[in-house]
Structures are given as C-alpha cells and as structure tokens.
Amino acid sequence: MKQQINELTRAALMLAVLLGMAWLPPVPIGIIPVPIVVQNLAVMLMGWLLPWRKTAVVMGSFFLLAALGLPVLPGGRGGLSILLSPSGAYLLWWLVGPLLVSWWCQFYGLPQRNWQLLLVTWLSTVVLIDLGGAVVLSLVFRVPWIASLSSSLVFLVGDTMKAIVATAMVVALKRTRVMKWT
Amino acid sequence: MQTKVLFGSYVPISSWWHQLNARIKLILCLWFVCLVFIANNWLSNLVLVGLLMLTMLTTRVPLKFYWHGIRGLLAVIAMTVLIQLLFSSGGEVYWHWWIFTITANGLRQCGTIFLRFFLIINVSTALTATTDSLSLANGLAALLKPLKVLKVPVNQITMMIAIALRFVPTLFNEVNVIMNAQRARGVRFNQGGLVHRLRSLVPIMVPLLVGSFKRADELATAMEARGYDPDASRSQYRIMQWKRIDTWLVIVMVAITCSLIWLRK
C-alpha cells in the first residue's frame, strides 16, 4: 500500500508541475511567428517518470481542469473553447503521447542507449502529436492537407529541440535516486 | 505574485452566484455548453445570449474580467474563424484563389462560430470567476462519483487534484529559489538564442523534478502514518448540500431547454 500512496503523490506532484508550467513564458523564435511552448516538455518527461496508469490519470485530470476553465493551458488560458478549437486538434494527442512512452518504459524497461531514449520520445510526443494534430485538423476542421501539414512542420523543429532537451533531462535524472524507483 | 496569478481567475465579490455550491454551477455550465450546440437559428441563439447576459450581470463581476477572458483567446478565435472562412464550401462563391475559397456558407458559419466562442468563453469565465479552485475540484469530485461504476479510481483522482492544486504555489516558489541559485552560479536565463534558452531549462527542471519527487515521497510517508488508504471509502470534511435554489435553477434550465428544442428548425 505504501507504493500505492507513493505513486499517488508522485502523480499529484507531476500534475502540479504540468499546471505550473503553463505560466512559463514561451520562447520566441526570430524567424517564425509561433513561439515555442515549454509546457509540453513536461508532457514529454511524464511518460518516463510515471507508470502508464498514473500517466493516463494525470493527463485526464489535466484536461478536466482545462475544460472547466482553469488557466492551465499554454499562455495561462483554459476553457472548453480551446479544446474545441484547432488548437485542440494538437492537445488531443497530449493524452496519447505520454501513454506510449509509459507503455514502452513499462514493457521494455528504461533504454540503455541515449539515442533510444531520444527516438522513443521523439516518435511518441513529437511526430505523433504534430502529425496527429494535422490529421484531426484535416478531418474535423476540413483544412486541406497542404495547409495542415505545413502548420505542423512549423512546430516540428521546436518540438524536436524540446525532445532533445527532455532526453537530456531524463539522462540527468537517471543518475539520481528518484529514477531507481521506476 | 505568481501564486496569485494562477488562482487569480477567481474574483472575490459577494453575490448569490458566489454562494452557490460548485456542483450545481458545474452542472449549469456544462448544460449551457450543450445548449450552445443545440441552438441552430437566430432566435434560439438570442435566447442564449439573453440568458448569458443575465448571468453575467448577476455575478456582479466587472465586465473587464469577461473581456480579459475573451482577449486571451482572440488568436484562437481568429484562427478558427479564418480556417472556416477560407476552407468552407456551399453557397455563392465570392472569391477564389489556389486552395482558398470564400463563400456565403462560409461567412454564415463564421458568424455562428464567433457567437459560440463568445457564449462558451463567457460562461466559462463566469464559472471560474465565482468559484475558487478548491471548490471547483470538490464539485468535480462530486460529479465524477458515477464513474465508480466503471472502475475509475475517483477517490484517487480527487485526492490527486487536491494535492496538485495545493502544491502549485509551492513549486512556483521553488522555481524562483532554483533560478536565483543558478544565477548566483553564473547561468544566464533569457539570453542567447533558441538552443541556449531551451538548454537553460535543464538546470531548472531537473532540480525541480528531483525536489518534487522527494516531497512526494515524504508526503506519502506522512499520509500513510495518518492512516490513509487509497482504496477505502472516507468521510468528508467539506460537504456540499443541495438547496432549494438549486432545484429552481434546474427547473429554469429545463424550461429553457424545452424552449430551444421547440424553437429549432
């Protein structure tokens, strides 16, 4: 039962980190008008730090709080209207991405090679979220494929950089005692 | 200061909306959102606008808060309206180039989308302005109870949200402490190019996560020492009661729902 409570409190603290990161200012890029949002860095990390059931509960709770209108989405926004807008096309996959990472970690263990860490993170939380968002954008909002894929490619560069940073964080965390619990 | 910002969407004014318990407000808010998607002509939308105006006025929250809620989402609204305008079909074509088309149907849908955004954003602002975060979490817990039938761990979700909301201010303070400590050792935040800025997140995030997980482990030990069992049912210190005003509000919403269904084409 101690481990059960431990998982619960870790999931709660991870949710608190996710909520708090909504308020970190986005990093502006000189060329592109879309700033890079830092919050999904926590989404990338979550899969490696929590078991998959707790990951699902954390992301589900996060979306519940966002739907209620609490200011927990990037830029301190919230509300059902965002989840129903084109931004929701990408946010939808925030539910799925960390789950895939958690499943990988649970069934195959923590990868030994750093490039494996990066590859799993990149495929689950960058490629899936950006391309998945493009798919929903096309099917639900009837945006032509050219436009939706173009807008996703804009995010792809920044998200890839975030995946590299997230991998560096996981590597650093591996050297601490917190990861041995996983 | 940052602590105040996160929970700053709550406006501590005394009105009867503020005194309602969160559960009924959540039910009414979600109900209203469903009505927004039921309304499909100008008369039914007019009823919804009137209902929203009445609610906004009786909350006694200054109008600038509602404007602030809309302003933060102007980019989202503009993007959605623009997508609808340029990629729609049906009706008379006014303009066409490459993959873009502006049609009469598109213009009409833009109006509908903008109105729906207006209605949903403002009712959401009314909810968060009159209810503090912990009350919202309690109301959410009450509404999630039926999910126990589906084996969803409602007790644990409720506890997790309560813990998370409690620790957000603590984590903000910790981030400030960590950033100041790293500055004292030479790290420059908010300088340099994109790669440097992203890389400077590592000395913030890694100590924050390690500290969070240590705090989580200590909290788990303390909770266990006080007899907490995740699977057992527990009593509640915070209790919400159903009152006569709640019944009247439900009756009003039922009447409005019937009116809208009757007004539909």
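Start by selecting chain B: buried residues make up 45% of its 265 residues. Keep in mind as you click around that this is a predicted model.

**Stop 1: chain B as a whole**

Switch to a cartoon view. Chain B shows 12 helices and two strands. Follow the chain along its sequence and you pass six helices, then the two strands, then six more helices. Now turn on the surface: chain B exposes about 14,800 Å², and carbon and sulfur atoms supply 64% of that. Among the contacts in chain B with a separation of 6 or more, 71% are between residues 24 or more positions apart.

**Stop 2: over to chain A**

Select chain A next. How many helices and strands does it have? You should find eight helices and zero strands. Of the 182 residues in chain A, 57% are buried. Its accessible surface comes to about 7,200 Å², with 70% belonging to carbon and sulfur atoms.

**Stop 3: the big core**

Time to look inside. In soluble globular proteins, nonpolar side chains tend to be buried together. Here, the largest nonpolar core has 119 residues, and you can find the ones with the most contacts inside it by selecting A:L19, A:L41, A:F62 and A:M169. The element that gives the most to this core is helix α9 of chain B (residues 154-184), with 15 residues. Colour chain B by domain too: the core draws at least three residues from each of domain 1 (16-133 + 241-264) and domain 2 (153-226).

Zoom in on A:M169. Leaving aside neighbours within four places in sequence, A:M169 is in contact with A:L41 and A:L45, plus B:L201, B:V202, B:M205 and B:V206 from the other chain. There is also a second, separate core of seven residues, including A:V136, A:L137, A:V143 and B:I83.

**Stop 4: a loop residue**

Pick A:M21, in the loop between α1 (2-20) and α2 (39-49) of chain A. Is A:M21 buried or exposed? It counts as buried, because its relative accessibility is 4% and the cut-off for buried is under 20%. Not counting residues up to four places away in sequence, A:M21 touches A:V38, A:Q39, A:L41, A:A42 and B:M205. Try the distance tool on A:M21 and A:A42: they are 21 residues apart in sequence, and their C-alpha atoms are 7.7 Å apart.

**Stop 5: a patch on the outside**

Back to the surface. Select A:L100, A:W103, A:W104, A:F107 and A:Y108, which form a nonpolar patch with about 560 Å² of accessible area together. A:Y108 sits in helix α6 (residues 97-108) of chain A and is exposed, with a relative accessible area of 63%.

**Stop 6: charged pairs**

Side chains of opposite charge can pair when their charged atoms come close. The structure holds four salt bridges over all chains, and here are some to visit.

- Select B:D217 and A:R10, whose closest N and O atoms are 3.0 Å apart. This pair crosses between chains, from helix α11 (residues 202-225) of chain B to helix α1 of chain A. B:D217 is partly exposed at 23% relative accessibility, whereas A:R10 is buried at 2%.
- Select A:K162 and A:D159, another salt bridge with N and O atoms 3.0 Å apart. Both residues lie in helix α8 (residues 145-174) of chain A, three residues apart, about one turn of the helix. Both are buried.
- Select B:E174 and B:R215, which meet in a salt bridge (3.0 Å, N to O). They link helix α9 and helix α11 of chain B, 41 residues apart.

Notes: Residues numbered from 1 in each chain as written. Chains lettered and ligands numbered in written order. Predicted model: local features only at pLDDT ≥ 70, side-chain atom pairs only at ≥ 80, totals over all residues. Heavy atoms only, no water. Helix = DSSP H or I, 4+ residues; strand = E, 2+ residues; numbered from the N terminus. Buried < 20%, exposed > 50% of the residue type's maximum accessible area, 1.4 Å probe, protein only. Areas by Shrake-Rupley, 256 points an atom, 1.4 Å probe, with all protein chains shown as cover. Core = buried A, V, L, I, M, F, W, Y, C linked by side-chain atoms within 4.5 Å. Domains from an automatic or database assignment. Contact = heavy atoms within 4.5 Å. Patch = residues over 30% accessible without salt bridge, like charges linked within 9 Å, V, L, I, M, F, W, Y side chains within 5 Å. Salt bridge = Lys/Arg side-chain N within 4 Å of Asp/Glu carboxyl O.
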